[in-house]
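Trainee: I have a structure to learn and would like to know what stands behind the words used for it. Can we go through them one by one?

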Amino acid sequence: MEGIINALVYVLGNLHFLIIGVAAGIIVGAIPGLSGSTGIILMLPFLIYIDPPSALIMMSGLFCGSMFGGSIASILVSTPGTPSAAATVLDGYPLAKKGQAGKAMGTALVASTMGGIFSTLCLIFLAPQLAKIALKFGPSEYFALMIFGLTIMASVSSSSLTKGLLSGFLGLLLSMVGLNPTLGTERFTFGVTRFLTGFSMMPVLIGLFAISEVLTQLELFSEGKIIQLSKKHKIGSIMPTRKEMKGLWKVILGSSVLGTIIGIIPATGGAIASFMAYNEAKRFSKDPESFGKGALAGVAASEAANNATTGGAMIPLLTLGIPGDVVTSVMLGALMIIGVQPGPLLFSQSPQIVTDLFVGFMLAQFLMLVMGYLSIRASNLILRVPFGVLYPVILCFCLLGAYSLGNSVYDVGLAFVFGIVGYFMKKYGFSAPSVILGLILGPIAEQELSKALIISHGDWTVLVRSPLSLMFYAFALASLIYSLGIFRKKNRAAKSMS
Amino acid sequence: MGKIDIVCGLITGALAILFFIGTLSFPKSSIGINPRVYPFVVIFSTFALSMTLVVQGFLKQKRTKSPPARTLPRGTTALKLIAIAAGMLIYVFTLEPLGYIIVTPLLMALTMLLFGERKPLKIVALSVLVSIALYWVFRSVFRVPLPRSVIW
């Protein structure tokens with residue numbers, strides 16, 4: 001109890017960081033082309049200069065805010081601000097066409113808040129229990145867990161399983177540059193002294209995610225595939241009435257449960273959760289015909305589910321150090337930059353940071369309600385930010401951010417190189433999040449493997465002796481089979497479309 | 001896309017070979033794991049996946065009867081992308097000798113132009129003001145020693 005009071009005092013004393021996080025999240029979520037992961041990267045230059053708990057709650061606020069923010073563009077211009085808001089377009093845009101954009105966004109806001117609160121409660125109750133179990137893991141179980149984590153790299157890719165895996169293995173290759181973690185001997189530096197320290201996470205993240213995004217947007221802009229919005233949209237009344245809410249609470253609750261469960265499962269994420277919740281809401285609805293034509297229940301289902309994935313996705317991230325989707329992959333990288341190592345030891349060694357995060361995460365949901373309301377009022381302004389100002393500022397900020405951690409021009413050069421690489425990766429269907437996963441999880445996997453073999457005096461069977469290890473290998477296999485199934489389905493759909 | 005897959009597979013395959021050559025100079029160790037084992041697994045998997053991509057590329061090329069889709073940006077788009085990349089490269093090399101406050105507004109102005117901004121006053125005012133604001137925040141608040149020039 002004392003810990004919760006201390007955390008409440010701390011978070012209230014640093015509420016401005018949470019407000020900035022939520023506001024920034026809503027804005028980056030609302031602007032098509034930007035997302036929660038880009039938002040976290042753009043905040044990194046600031047995050048490294050504030051207390052780790054404040055940085056953590058700021059990132060959490062951004063994560064939650066971006067999920068709701070994505071619905072604004074989905075509803076107003078039929079372009080999902082984030083992939084998680086794609087299902088919101090189905091009913092949100094028809095509602096906007098009927099002149100009820102405000103009501104659709106208001107429903108999305110209420111559903112997002114309720115989904116977020118539900119998943120935060122699950123996070124608070126489930127994460128410490130899972131961390132207690134994870135504390136019992138030895139090196140061989142950890143190695144198996146990292147293998148499972150690495151298989152997620154296949155599913156965060158959007159175009160092909162081979163490219164997803166190859167991207168992850170490129171991350172693993174890069175992670176080996178520098179020093180051998182056991183012997184401390186030099187490896188893969190190819191005579192370049194700078195490579196001795198390996199590749200810093202900050203310039204790699206900035207390059208692969210943010211600079212590459214500026215280049216992609218420039219290409220789309222030049223080819224007329226993104227158009228600067230100039231039209232003002234009619235917002236109308238915002239909040240759903242009590243009668244409307246009465247008809248929605250069952251949908252919101254069901255979608256929140258579904259979203260939280262999907263969020264906990266690594267390799268899934270908000271987009272899958274929102275489409276599944278939408279389908280379930282339609283299946284159980286008394287009026288399924290209204291779905292797709294402007295049903296508030298459709299908006300509520302997808303938004304409650306995608307926001308519920310936030311708390312769910314934080315559970316494996318915090319307790320096991322395994323990210324569940326693209327945003328949490330980036331968040332894992334950001335956490336390491338600010339000096340917070342997620343995993344079970346975080347709960348035993350820094351319990352106050354964890355409690356601060358829980359309290360911050362819960363407060364973020366309520367703040368989202370207030371700031372979301374204001375952002376709906378200002379949505380026309382957010383969506384009409386001129387590209388000619390937005391992307392140049394982002395680019396300069398990225399290069400400054402790359403410089404700021406190590407005060408080194410070399411890091412700016414590294415961000416530039418990875419920006420170009422990231423642009424081509426995106427263009428040709430490779431996956432930047434997979435590279436990051438490989439870069440982060442690779443060294444941990446190697447260290448745990450080494451530890452396990454040192455303890456067992458070189459006996460490799462130690463890796464498959466524990467039932468927990470076998471369970472993780474089974475999960476890894478299931479994750480790969482699941483990804484393969486998804487890609488086959490996508491390929492079949494693409495073939496039938498063509 | 002088949003041709004691109006072949007090229008990408010060959011590039012990543014070459015990278016795997018380069019890393020393999022890097023393992024030849026590894027010292028031998030009797031502590032725990034042989035230092036070559038883990039890198040070998042990663043390198044071999046990267047190479048195998050690269051070759052899979054090459055084969056998939058060939059198969060895709062065989063299956064597709066229509067003319068290959070455009071894979072690289074062309075015309076104005078290509079010029080704009082080359083301009084922004086060149087701008088960033090020049091930025092990297094001139095940041096220390098010329099100083100942050102001189103090179104950043106220039107890069108920002110170039111990017112604004114490429115993103116279709118045409119009002120000269122807006123371009124100059126915004127690029128200078130944003131650069132100065134960022135300079136002030138990072139230098140004074142976060143104490144980041146941004147490169148200074150003879151002017152500032």
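Trainee: What share of the 498 residues in chain A is buried, and what makes a residue buried?

Mentor: This is a predicted model. A residue is buried if 20 or more other C-beta atoms lie within 10 Å of its own. In chain A, 62% of the 498 residues are buried.

Trainee: How do you know that the radius of gyration of chain A agrees with a compact globule?

Mentor: A compact globule with 498 residues would come near 23 Å, and chain A has 22 Å, so the value agrees. Along its principal axes, the C-alpha trace spans about 70 × 55 × 45 Å.

Trainee: What secondary structure does chain A have?

Mentor: Chain A has 21 helices and 2 strands. Of its contacts between residues at least 6 apart in sequence, 79% join residues at least 24 apart.

Trainee: How many residues of each chain take part in the contact between chain A and chain B?

Mentor: Chain A brings 47 residues and chain B brings 53. Several helices of chain A each supply at least two residues of the side that touches chain B, among them α8 (161-175) and α9 (201-222). The most comes from α17(A), with 12 residues.

Trainee: Which classes do the residues on that side of chain A belong to?

Mentor: There are 32 nonpolar, 10 polar and 5 charged residues on the side of chain A that touches chain B.

Trainee: What domains are assigned in chain B?

Mentor: The domain assignment gives domain 1 (2-63) and domain 2 (75-141). Their centres, taken over C-alpha atoms, are separated by 38 Å.

Terms used: Residues numbered from 1 in each chain as written. Chains lettered and ligands numbered in written order. Predicted model: local features only at pLDDT ≥ 70, side-chain atom pairs only at ≥ 80, totals over all residues. Helix = DSSP H or I, 4+ residues; strand = E, 2+ residues; numbered from the N terminus. Rg over C-alpha atoms; globule rule 2.2 N^0.38 Å. Buried ≥ 20, exposed ≤ 12 C-beta atoms within 10 Å, placed from the backbone. Contact = placed C-beta atoms within 7 Å. Nonpolar A, V, L, I, M, F, W, Y, C, P; charged D, E, K, R; others polar. Domains from an automatic or database assignment.
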